[in-house]
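Colleague: Please take a close look at the surface of this model and the backbone there, and set out what was computed, with the cut-offs behind each term.

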Amino acid sequence: MSQHFISLDTAKDLIGRYRANFNDIATPEYKDSLKYSETFDAAAIKAILDQPGCVAFRAYYGMKQDNNICLVFFGVDANDNNIINSTIGGIIVTGK
């Protein structure tokens, strides 16, 4: 079983702790930029995972032009490298 699977109670604990500490984490300047959640199209995530050699995906925090924080996903190969192919391009995904 994957080490990344967690119980619903653990998920509630993680999310609750983030929300409880949100005001301390976010500076007033960027408070409206941080989100509680972000939604991703299943087909986009599947496309990342279906890339040849992809064994996982990695999330980076990014910031859009309007200063909203977003996640950026890359496929990851067995050597723990982001899948970025300069000739055909890797599939890279961000939220809505």
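**Exposed and partly exposed positions**

Modeller: Asp80 counts as exposed, because its relative accessibility is 52% (exposed is over 50% relative accessible area, buried under 20%, partly exposed in between, with a 1.4 Å probe and protein chains only). This is a predicted model, in which local features need pLDDT of at least 70, side-chain atom pairs count only at pLDDT 80 or more, and totals for chains, interfaces and linings use all residues. Residues are numbered from 1 along each chain as its sequence is written, and side-chain values use heavy atoms, with hydrogens and water left out.

Asp80 sits in the loop between β2 and β3 (92–94) (strands are DSSP runs of E with at least two residues, helices runs of H or I with at least four, numbered from the N terminus), and its phi is near 65 degrees, a positive value in a residue other than glycine. Asn67, in the loop between β1 and β2, has a phi near 75 degrees, again positive in a residue other than glycine. Asn67 is partly exposed, because its relative accessible area is 34%.

Ile6, in the segment before α1, is partly exposed, because its relative accessible area is 48%. Ile6 joins Leu14 and Ile15 in a nonpolar patch on the surface, and together they have about 280 Å² of accessible area (Shrake-Rupley, 1.4 Å probe; patch residues have over 30% relative accessible area and no salt bridge, and nonpolar side chains are joined within 5 Å, like charges within 9 Å; a salt bridge is a side-chain nitrogen of Lys or Arg within 4 Å of a carboxyl oxygen of Asp or Glu).
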